[in-house]
Amino acid sequence: MKRFTVGVFAGLFALSAAYAAEPAKTTRMPAPSIQINKDRGEQCVEPTEEMRRNHMNYILHQRDETMHRGIRTTKHSLKNCINCHANPKTGSVLGKDGFCASCHHYAAVKIDCFECHTDRAEKKAAIPAGRPRQALAPVIRTALGQPRQRHQP
Amino acid sequence: MTINRRGFLGISGAAIAVSAVAPGLRLIELAEGRAPDQAVTPKQRWGLLIDAAKCADGCTACIDACHEENGVTGNNRPATDPQWIRKVTVEDNTTGFRQSFPVMCQHCEHPPCVDVCPTGASFKRADGIVLVDKHTCIGCRYCMMACPYKARSFIHEVTTGQKTHAPRGKGTVESCTLCVHKVDRGDNTTACAVACKKEGHEAILFGDLNDPGSEIRKRLKQKPSTQLRPDLKLNTGVRYQGV
């Protein structure tokens, strides 16, 4: 009986220790690992805050312009997103450290762009010669025509 | 205000320079085609001229080049694998004369595939290129049934390794895009036409049917040509000679 009691207490102790250790090991979804391809420049095509909230609207608008009207400007094109944001190691925006996938996984928002579109950057996607790294103006106009100050980190 | 001789000469010299340069600038602009931010217009009507007499029996260079260019892959299942170009062999029952030629989307002026599409995914661009907007395609395949040329394919299986310029995915319909990415880039040719020329046949010619000075219009003017199934009055953008 004594041996049993000791066993029970030892078990409870082990359990409580395990429970106490639990908060240290987070059960939350890991934060997205956003790895910016530094050699592509420091700034996105729109201010970071704007892109975080409204990137889907820019892509959706560009999608119809390109598909139906043959407008092939690259500023808001998915191709441009992928070429800049593809992970330098994998060459993809998907996967564990993929720019698109890691954030969408975190936010639990399904993307189906890549059911059809390739998730890989173009092989020849180099910065055109003579273009400075930060060629974008510090103040740019949004789709609504309001000038916005770039988000300074 | 008075103007002296020197001033007058200066102004008239500048005027002559502007009038001499301006037409030159315009010529360059025409040669390079549309800027990326300009929408397509009905000024152009892109099409192909296929000379069946020059098409070699057994040659599949155009099909291979098309599928390579657009990343069209199959799974070795001929019944369901997509095909953007088919080599069709026809035989005259009376004389036994056989010939083969490529058949792809005919880029009709009045496309039946557009008429039947319930979502507006199948559409004709202003410059006459008939495309599938895969963002709105629900894969119902009405267009495949409506097309008299059997030009469209359904993607039955998950696709990987697509080309950046040619997105394609399971559950949507696809067909020849007339190499729309090349047209928008100003290449003024298609992968099939390039491949055919490389093989030395030159059976496929790409061009603007609306431009009287284009090579395609000149060749159409020289020799008789036909549309496939002209009785349907679809006014196809792909024309055939020697059929």
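This text walks through part of chain B, from two helices to the cysteines and then to one arginine. The model is predicted.

Start with helix α2 of chain B, which spans residues 61-70. Seven of its 10 residues are buried, so α2(B) is largely enclosed by the rest of the structure. The buried residues are B:Ala61, B:Cys62, B:Ile63, B:Ala65, B:Cys66, B:His67 and B:Asn70. In general, an α-helix has 3.6 residues a turn, so residues three or four places apart point the same way. What do the buried residues of α2(B) pack against? Two of the partners are strands β2 and β3, the latter at residues 98-104. Helices α5 and α6 also take part, as does strand β8, again in chain B. Just after α2(B) comes B:Gly71, with a positive phi of about 65 degrees.

Now move to one of those partners, α6(B). This helix covers residues 191-198. Its buried residues are B:Ala191, B:Cys192, B:Ala193, B:Ala195 and B:Cys196. Their cover includes α2, and also β2 at residues 85-91, α5 at 180-185 and β8 at 204-208. Just after α6(B), a glycine again has a positive phi: B:Gly200, at about 90 degrees.

Cysteines have appeared in both helices, including B:Cys62 in α2(B) and B:Cys192 in α6(B). How many disulfides does the whole structure hold? A search over all chains finds zero. Take B:Cys62. Why is B:Cys62 unpaired? The closest cysteine sulfur, in B:Cys55, is 6.3 Å from its own sulfur, which is too far for a bond; the cut-off for a disulfide is 2.5 Å. B:Cys62 counts as buried, at 7% relative accessibility. B:Cys113 is in no disulfide either. For B:Cys113, the nearest cysteine sulfur belongs to B:Cys143 and is 6.3 Å away. B:Cys113 is buried too, with a relative accessible area of 8%.

Finally, look at B:Arg45. Where does B:Arg45 lie? It sits in the loop between α1 (5-32) and β1 (46-51) of chain B. Is B:Arg45 buried or exposed? B:Arg45 is buried, yet it has no salt bridge. The nearest side chain of opposite charge is B:Glu109, 4.8 Å away, while a salt bridge has to fall within 4 Å. The side chain of B:Arg45 does reach a backbone oxygen, that of B:Asn235, at 3.0 Å. Among the other residues that B:Arg45 touches are B:His107, B:Cys108, B:Asp127 and B:Gly128. Its contacts also include B:Gly207, B:Asp208, B:Leu209 and B:Asn210.

Methods. Residues are numbered from 1 along each chain as its sequence is written. Chains are lettered from A and ligands numbered from 1 in the order in which they are written. This is a predicted model: local features need pLDDT of at least 70, side-chain atom pairs count only at pLDDT 80 or more; totals for chains, interfaces and linings use all residues. Side-chain values use heavy atoms; hydrogens and water are left out. Helices (H or I, at least four residues) and strands (E, at least two) are DSSP runs, numbered from the N terminus. Buried means under 20% relative accessible area, exposed over 50%, partly exposed in between (1.4 Å probe, protein chains only). Lys and Arg count as positive and Asp and Glu as negative; His and the chain ends are not counted. A polar contact is a pair of N or O atoms within 3.5 Å; within protein, one must be able to donate a hydrogen and the other to accept it, and residues adjacent in sequence count only if both atoms are side-chain atoms. Contact means heavy atoms within 4.5 Å.
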